[in-house]
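The following exercises are to be worked with the sequence and the model at hand. Each task is followed by a solution in steps.

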Amino acid sequence: MSRAHCLVLAYPAQGHINPMLQFSKRLEHKGLQVTLVTTRAISNTIHKAPSSSSSSSIALETISDGYDEGGIIHAENIQAYFDRFWEVGPKSLVNLVERLNSSGSGSSVDCIIYDAFMPWGLDVAKKFGLVSAAFFTQSCAVDSIYYHVHKELIKLPVSESELILLPGLPPLEPQDLPSFVYHLGTYPAFFDMLLDQYTNIHKADWIFCNTFYELEKEVTDWLAKIWPFRTIGPSIPSAYLDKRLENDRDYGFSLFKPKNDVCMAWLDEKPKGSVVYVSFGSLIDLSIEQMQELAWGLKRSKSYFLWVVRETEEAKLPENFQEETSKKGLVVTWCSQLEVLAHESVGCFLTHCGWNSSLEALSLGVPMVAMPQRTDQSTNAKYIMDVWKMGLKTPVDEKGIARWKSIQCCIEEIMEGEKGKEIKRNASKWRELSNQAVDEGGSSDKNIDEFVMRFSFRRML
């Protein structure tokens, strides 16, 4: 009998593809056939990992977003992109399912696991009578906040003095909410898309979240009361967790070409725990003023630093900055973040608090300096500092800028201060718990086993 076949439909962005691809590897390891689906535009820009990576066995198929030559950058604006993608994408996915079902190669589709950003993936699954599973790439806390906004249980706009009390969450001040909620009216197209995740979620057979139970117990328990909800993370390569997936050292696909040899050689020369790693991910664009404050904070700190500055951002650096800091700092356009975080010379991660970056730091036990910029990052920063207590958040001024002195102070407190010792102990604790979650019999591993068993049994009926 052929294996049960899952299509895994990822939203076309690095931060969504990575965890869904990693989850795909887990499912395949447990006996399912898995095909990752992304857009044609994204597939044309992907840098694939060497064939030794275990990701090579995950098949890749593409659908159209209506902008096959360049994706979102070729759209008139964000709203135009979503309108076109939401029109073309479902039809393209239907065509893909029909092609696979009629291929005669045993690749007929049994299930669609879709990024919750694209709720029409569920509609396509229902059209063919397939098992459907939503996949949330953000934290349970953030998913719960958006759900309450969708249900109008959080009244907008939020008052500056209001304390937000939600089941399973700590008391939140307005600035702890995702930026789309706190700064209402920013990026309205994205905000609408985030709320639309919940329009048909109640029809999904399964709902997965890239987190682990021990990290967000209370809110996970609450969501499990209203949905068929399971935590399945952290979805990072097995080499950094349980090591059960052979040669699984990277995600497998990257939209940027890393300069790993240069980074690793530089880190190898530095003392243990002496380097601050700085990265704001694949999408965040800092203002020139913030970029320069960050540069001055790094320059004045006592630590070495490795700073990822994408090519599109390099012009924002202070004049002669790289030359003046060449003895203590290295600036690169991209690197393998997991390899860097796992290196013993790295003692701290200065981050925008994207969920993937936060989970990677948690899983590798690296303390964080939190500098959230937008979307879910302010909520993640709240948890990093006040709930998980494994980092510090840089204060900002009335312009929303983190000044160099506060950046310097946060770095030095974590690297060599008394509070930093407690933060490092907590980071080690979370590293151990994240590993246990995906280890055999761990909370996330049990949830994945349950899905595979029930899904495979249903297929046999």
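**Exercise 1: A salt bridge within one helix**

Glu418 and Lys421 join their side chains in a salt bridge, at 3.0 Å from N to O; a salt bridge here requires a side-chain nitrogen of Lys or Arg within 4 Å of a carboxyl oxygen of Asp or Glu. The model is a predicted one, in which local features need pLDDT of at least 70 and side-chain atom pairs count only at pLDDT 80 or more, while totals for chains, interfaces and linings use all residues. Residues are numbered from 1 along each chain as its sequence is written, and side-chain values use heavy atoms, with hydrogens and water left out.

Task: State by how much of a helix Glu418 and Lys421 are separated, and classify the exposure of Glu418 and of Lys421.

Solution.
Step 1. Both residues belong to helix α16 (residues 418–438); because they are three residues apart, about one helical turn separates them. Helices (H or I, at least four residues) and strands (E, at least two) are DSSP runs, numbered from the N terminus.
Step 2. Exposure follows relative accessible area: buried means under 20%, exposed over 50%, and partly exposed in between (1.4 Å probe, protein chains only).
Step 3. Glu418 has 60% relative accessibility and therefore counts as exposed, whereas Lys421 is partly exposed at 45%.

**Exercise 2: Salt bridges between distant parts of the chain**

Task: Locate the partners in the salt bridge of Glu450 with Arg230 and in that of Asp205 with Lys126.

Solution.
Step 1. In the pair of Glu450 and Arg230, the side chains meet at 2.9 Å, N to O. Glu450 lies in helix α17 (residues 443–460) and Arg230 in strand β8, so the salt bridge ties together parts 220 residues apart in sequence.
Step 2. Glu450 is partly exposed, with a relative accessible area of 21%; Arg230, at 18%, counts as buried.
Step 3. For Asp205 and Lys126, the closest N and O atoms are 4.0 Å apart. Asp205 is in the loop between α7 (188–196) and β7 (206–209), and Lys126 is in helix α4 (residues 120–127), 79 residues apart.
Step 4. Both partners are partly exposed: Asp205 has a relative accessible area of 27%, and Lys126 has one of 39%.
Step 5. The structure holds 23 salt bridges. A network of salt bridges links Arg26, Lys30, Asp242, Arg244, Asp445 and Asp449.

**Exercise 3: The boundary between the domains**

Task: Describe how domain 1 and domain 2 meet, beginning with the division of the chain.

Solution.
Step 1. Domain 1 comprises 5–252 + 439–457, and domain 2 comprises 259–335 + 344–434; these bounds come from an automatic or database domain assignment. The C-alpha centres of the two domains lie 27 Å apart.
Step 2. Contact, defined as heavy atoms within 4.5 Å, involves 32 residues of domain 1 and 21 residues of domain 2.
Step 3. The two domains bury about 2,200 Å² between them, 63% of it on carbon and sulfur atoms. Buried area is the accessible area (1.4 Å probe) that two parts lose on being put together, summed over both.
Step 4. Within domain 1, Asp176, Phe212 and Leu215 lose the most area to domain 2, together 22% of what that side buries.
Step 5. Zero salt bridges are counted between domain 1 and domain 2.

**Exercise 4: Local backbone features**

Task: Identify where the cis peptide bond from Gly233 to Pro234 and the positive phi values of Asn247 and Cys353 are found.

Solution.
Step 1. The bond from Gly233 to Pro234 is cis, with omega near 0 degrees. Pro234 is in the loop between β8 (229–231) and β9 (253–254).
Step 2. Asn247 also has its place in the loop between β8 and β9. Its phi is positive, about 60 degrees, although Asn247 is not a glycine, and Asn247 is partly exposed at 45% relative accessible area.
Step 3. Cys353, likewise a residue other than glycine, has a positive phi near 70 degrees. Cys353 lies in the loop between β13 (346–351) and α13 (355–364), and is buried, with a relative accessible area of 0%.
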